[in-house]
Each structure stands twice: as structure tokens, then as C-alpha cells.
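I am opening a fresh page for this structure and will note down, step by step, what I look up. The sequence and the model come before my entries.

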Protein chains: 2
Amino acid sequence: MLWIDGTPCESAAPLDRGLEFGDGLFETLAVVEGRPRLLSRHLDRLTRDAARLRLSVPPRERLEAEIRAAASRPGTGVVKVILTRGVGGSGYTADPAQPPRRYVLAAPARRAAPTAGARTALLPTALSVHGPLVGIKHLNRLEQVLLRQDVVALGLDEGLVGDGLGHVVCGTMTNVFLVAEGVVITPALTRCGIEGVMRGAILDHLIERGTPATVRDVTTAELAAAEEVFLTNALLGVWPVAQVDGRPLAQGRLGSQLRSVVATW
Amino acid sequence: MLWIDGTPCESAAPLDRGLEFGDGLFETLAVVEGRPRLLSRHLDRLTRDAARLRLSVPPRERLEAEIRAAASRPGTGVVKVILTRGVGGSGYTADPAQPPRRYVLAAPARRAAPTAGARTALLPTALSVHGPLVGIKHLNRLEQVLLRQDVVALGLDEGLVGDGLGHVVCGTMTNVFLVAEGVVITPALTRCGIEGVMRGAILDHLIERGTPATVRDVTTAELAAAEEVFLTNALLGVWPVAQVDGRPLAQGRLGSQLRSVVATW
């Protein structure tokens, strides 16, 4: 028997393990003129992350068709897919016989793509160092929720977050790229952080066009000294950074270029 | 527009942030003869954890009444309360105007209280080191879900988990106590772990009856050398450990005594 906000719930279905334990993952896709952007990459990541969470995945063709159908609805700007381990089990112990459950949500675009550069700062709170879950876009996102509250309270557009060991890792809802001495650098995600689909697409694009790009640990000192900083996110695309910790940054050439490239995807 | 497993969902309500991001917390209470055990402690923890998550809480009297009503239903062995940040917001950024949402679930007892001692081992995977979330019984429990799969695969009753720094912290669904040279020790939860309600009740009981008890870092070497080990959990009460890493442990006097004490709660 289940009550929600004091009202008996008609459905006798047990609670979803996604709600009970964050037992699942998600993808958020931008929809451009009825078409889900970077669909193949999103499906690749979902498949890879699900395997790491030992979560079975519906047939790719079915997921793909459902995402395309959701994206094609007039007014859709975002399609969100949540895949959970379904219902049942005994506490943390899942029932392997239960099928996964998928949610596909079509929603209007959440916010306009920002035209101004992002005002950012390195937040005082570090990310947890996640061993087995690093990189995965799973449903355990309380850290990001709390960090976003800090970002709002500080009047910033985005907060950059470290690993507590002197490195900057990512933003609260973005991946971060730096340009230093002509080389593009994005932090390695070996201890914490999410491997963003846009991050991967930008890295591949840079490599294909012959721009030196590297993935490695980035110290907060390097962040402070960077010539150019930009953020990536599946919905926002590429977002040049105008300010880090109060220091104005000239919005660089590369970020603007990449913004134009993403507009063609 | 939302589809669940390919079927359009009648309700137009946005997804709960508890499902989307694990944005909330929970309590699981044992019900003994229609009465929720340690209710006051559970409500205290929920209130304390909610404040740390900046989550508003319904009036305590209302929650208490709903839990008691759920517990009094014939056949109820467990009452689970989930409190989430409700619906809405823009991605990780919550809408402060949205009220929280609470789920109260009455369910039969999940498993019989074990009569045999627990077969345990130290699991190879360490817990993430969580700064701001340490101790909280929040909804981000993917680590525990995966660790339980390891426990089942290893044919154990419970797995003990370390912090990756040489300490044992807790079990996958329990807190752990050791007896060494007449002193009862339970690991400090400063880097990871959940502050179990039963752990707190047992600690207070030991102190009240004059048994030396201490909370501090515990090395895995101390675990291996312990005279007696027992586990605590709100549903299972006190569970003596019969085996750690293949080494049989005499099920000690204290664990059995405390089991009898909990039976009176």
C-alpha cells in the first residue's frame, strides 16, 4: 500500500528502483528542428554505461525509434530518456528477473542557448571521488543538485568543480575545456565527473581537424592561467567562458568557432 | 509528454526529482506488532538529513501520523518513507517554490530476521569518499546496489566495505561493530557510510549501561583480529557475524545480548 503526499495511490505497483535508489541512468538530448542531436553518440553512451551498471538495455532500434518519435512532436526541444532497473528486489538487492523500465520524455527547450559568455568560479565544494561509477551519467546526482544551489546563490552561470586534490574536473552541468599555449585540454575523468556526449563530440572534431587536443589532469592553477575556457553540454552545445573567479577572459576564437560547428550538427 | 516502456503516460505530471536525480532521502522502519520501531530516531534522522540536503520537511506530527497509520495495517512489517524535492526545476537546478513530495509505503516484512550468524567478507570495491553527503540516508544508492550484486555473487550474507584508505567503514546494508580487548568499536563515518538509526540506538544503549564504546577509524587489520563482530540495521536489528573472509568467528556474547535487547524495543 502506497500513499503519496497523504493520498492513497491507486496503482499498486511497487516503487521504481530509480526512485528508491537512483538505480539507473539517463540521457538528455537536444532536439533541433524535430531531430535528436548526436543520437548515435547518446545511444552509445547509454549502452556503455548500462553495461557498467549491469543494467539490461532494450533493443537499440526500439530506443532509437522512441526517441525519434518523441523528438518529432511539435515544440519538442529536449528528449530525456531514463532507464532504470525497474521494480522489485529486496532493498538494495535487485531482482535479476525484473525487466528494466524506460521513461522517454518530450519537453520544450529548457532554456535559451546563452549568447553571453558564462560567468564561472571554482566552487569550494569538491566532488566525491567515485571509483566504479566515474564517468557514468547515472541517476545519483544529489551532488550536482546541491552544487547548482551554490551556483545560483553565488549569482554565477556555472560553477567549476574540483576533485579535492588540486584539479579542476568539470562544471556542475558541463564539461570544461581550456586552451593553453595553443593546445586544447580537457580534464581526465578518472576520479569523478561525467563523460559528456558533447565533450566526446568536440574532442573528436578537434582531432579530425588537426587541432592539438589532450585529455589529462588539469590543475586549478592551469585553469586560472588559461588563455581561453569553454564549457560543453548536450543541450547548450559550446559555451564560451567570460569570467573565472572574477577574472575576465577574452572570449576566445576557438569557443566561437566550435559554437558555429555545433550549430551545424 | 511522457512514455513509460513505450506506453503514453496518462498523467501529465513531470517526473519526480527523486527519480530524475536521486534528489531526496528515505527511511526504512521495522514494524513490530503494528508499531514502528525507533520511530522518534527515524524522524530525527530524516529531519537532520533533510536540513543538510536543504530539503523542506512536512510537519513532524503529520509524518508521524502517516507512518503510524501505515504501520497499523495488518501484515505490515516495514514502512518506508521517501521524501523528495518534488517536481520541476530546470535540470539539476531545483525550483525552490515547489513543495517536497513524500511517499509512505507499507509492505510485508522483507526477510526473516536471520538466526544464523552472517557470513561476510571485505569486498574489493571501496566506497566513494563523499564529502557533503557523508552519513546521510539519501536516495543515491547505486554503489550499494552494485555492491549487493557482488555479495550475492560471492555467496555471502553481507559484504564489508572500506574507504580505499585501509579502513573498514560499514556493510553494504548494515553498520558494523567490533569488540577488541573488551571495548566496542564502530567505524567513524567521516568519509563515507550511512549513520544508521540502529547504530545510534545501540551506541546509546551501550553507553547507558556502562559498556566502553568508541567511534573511530577502524583498520582492516583490526577487523581481521576482532574477537567479535556484529552488524546493525533498522530492519534486521543486531546480526552477529559468524565469518569474516573465511575466518570463523565465535558468535560473541555481546551480539546475542544486544539482539535480545532489540527484541524488547
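Which strand gives the most to the lining of the largest pocket? I keep in mind throughout that this is a predicted model. Looking through the lining, I find that strand β3 of chain B, residues 24-32, gives the most, with five residues.

Entry on the pocket. I note for the largest pocket a volume of about 810 Å³. Its lining is made up of 45 residues, and those closest to the centre of the pocket are B:Met173, B:Asn233, B:Ala234, B:Leu235 and B:Leu236. When I sort the residues of the lining by character, I get 21 nonpolar, 15 polar and nine charged.

Entry on the sheet that holds β3(B). I followed this strand into an open sheet of six strands, which run in the order β2(A)-β1(A)-β6(B)-β5(B)-β3(B)-β4(B) with antiparallel pairing. The edges are taken by β2 of chain A, residues 7-8, and by β4 of chain B, residues 35-36, each of which pairs on one side only. I then looked at one of these edges, where β3(B) and β4(B) pair in the antiparallel sense over two bridges, and where B:Val31 stands opposite B:Pro36 in β4(B). On this sheet packs helix α3 of chain B, residues 60-71, which touches β1 (2-4) of chain A as well as β3, β4, β5 (78-84) and β6 (101-107) of chain B. I also wrote down that the direction of helix α3 makes about 20° with that of β6(B).

Entry on β7 of chain A. Which strands of chain A pair with β7(A) in the parallel sense? One of them is β14, residues 237-244, which pairs with β7, residues 118-122, over three bridges; here I find A:Ala118 opposite A:Val241 in β14(A). Another is β8, residues 158-162, which is likewise joined to β7(A) over three bridges in the parallel sense, and at this pairing A:Ala121 stands opposite A:Gly159 in β8(A).

Entry on the two copies. How are chain A and chain B superposed? I looked up the operation and found a rotation of 180° with 0.0 Å of shift along its axis, which brings chain A onto chain B with an RMSD of 0.0 Å. The two copies are therefore related as by a two-fold rotation axis. As to the contact between them, the same surface serves both copies, since 100% of the contact residues of chain A recur in chain B.

Definitions and conventions. Residues numbered from 1 in each chain as written. Chains lettered and ligands numbered in written order. Predicted model: local features only at pLDDT ≥ 70, side-chain atom pairs only at ≥ 80, totals over all residues. Heavy atoms only, no water. Least-squares fit on C-alpha atoms with pLDDT ≥ 70 in both. Contact = heavy atoms within 4.5 Å. 1 Å grid on protein atoms, 1.4 Å probe; cavity = no way out; pocket = protein on both sides within 12 Å on 5 of 7 lines; lining within 4 Å. Points joined across faces, edges and corners; volume = space filled by probe spheres on them. Helix = DSSP H or I, 4+ residues; strand = E, 2+ residues; numbered from the N terminus. Nonpolar A, V, L, I, M, F, W, Y, C, P; charged D, E, K, R; others polar. Pairing = 2+ DSSP bridges. Axes fitted to C-alpha atoms, helices over the stretch in contact; angles between N-to-C directions.
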